[in-house]
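Student: I'd like to learn how to read a model like this one. Can we walk through it together?

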Amino acid sequence: MTDRLVAFLRARFTEELEKARFASGTVTQDPERFGVAPDDATRHARFTIATAEVHLALLEDTVIPHLGAEGLAGRTAEYQLRLLAAPYVEHKDYPHE
C-alpha cells in the first residue's frame, strides 16, 4: 500500500504543479480578464506554485527516505504520508487498501 500511495501522491503533486504553472502564466498575462488585480495575480501565482513545490519536496525529501524505517522515524513518515494523502481520499485513483 505504501508504494502505491507514494506513486499516487507523486502523480497528484506533479499534476498540481503543472496546473499551477499553467494557471499562473495565464492569469498573470491578463489578470483583468479574470477580475484580479495584477499584484494579487502575481502573489497568488507565486503562492500556488510554491505550495505545489513544497508538497512534492516534502514527499520526496522528508517522507520517502524514512518510510519503512524502524521506530519513531518510520511511524512519523507513515503518518506524514497519510496526512499528505488525506485531501485526495475521494480521488478515483486513490489506493484504498
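Student: Let's start at H96. Is H96 buried or exposed?

Tutor: The general idea is relative accessible area: buried means under 20%, exposed over 50%, and partly exposed in between, using a 1.4 Å probe and protein chains only. H96 has a relative accessible area of 53%, so it counts as exposed. H96 sits in the segment after α3.

Student: What does the side chain of H96 have a polar atom 3.1 Å from?

Tutor: A polar contact is a pair of N or O atoms within 3.5 Å; within protein, one must be able to donate a hydrogen and the other to accept it, and residues adjacent in sequence count only if both atoms are side-chain atoms. Here the partner is the backbone oxygen of V89, 3.1 Å from a polar atom of the H96 side chain. Also, the C-alpha atoms of H96 and L5 are separated by 8.9 Å, although these residues are 91 apart along the chain.

Student: Before I go on, how should I treat these values?

Tutor: This is a predicted model, where local features need pLDDT of at least 70 and side-chain atom pairs count only at pLDDT 80 or more, while totals for chains, interfaces and linings use all residues. Residues are numbered from 1 along each chain as its sequence is written, and side-chain values use heavy atoms, with hydrogens and water left out.

Student: What is the mean pLDDT of the protein chain?

Tutor: pLDDT is the predictor's confidence in each residue, from 0 to 100. The protein chain has a mean of 92, and 99% of its residues reach 70 or more. Confidence is highest in helix α3 (residues 71–85), at 97, and lowest in helix α1 (residues 2–29), at a mean of 92.

Student: How are helices picked out, and what span should the 28 residues of α1 have?

Tutor: Helices are DSSP runs (H or I, at least four residues), and strands are too (E, at least two), numbered from the N terminus. The expected span of a helix is 1.5 Å times one less than its number of residues. For α1 that should be 40 Å, and its end C-alpha atoms are 40 Å apart, which agrees. Helix α2 (residues 38–63) has 26 residues and reaches 36 Å, close to the expected 38 Å.

Student: Where is the kink in α2 centred?

Tutor: The bend at a residue is the angle between axes fitted to the seven residues ending there and the seven starting there. In α2 there is a kink of about 25°, centred on A57.

Student: What do the buried residues of α1 pack against?

Tutor: Contact means heavy atoms within 4.5 Å. The buried residues of α1 pack against α2 and α3; those of α2 pack against α1 and α3. For a single pair, take S24 in α1: leaving aside neighbours within four places in sequence, S24 is in contact with A45 and I49. S24 is buried, with a relative accessible area of 9%, and A45 is buried at 8%.

Student: How many residues are in the largest nonpolar core?

Tutor: In soluble globular proteins, nonpolar side chains tend to be buried together. A nonpolar core is a set of buried Ala, Val, Leu, Ile, Met, Phe, Trp, Tyr and Cys residues joined through side-chain atoms within 4.5 Å. The largest one here has 17 residues, and those with the most contacts inside it are L9, F13, L59, V63 and L81. Of the elements, α1 gives the most to this core, with six residues.
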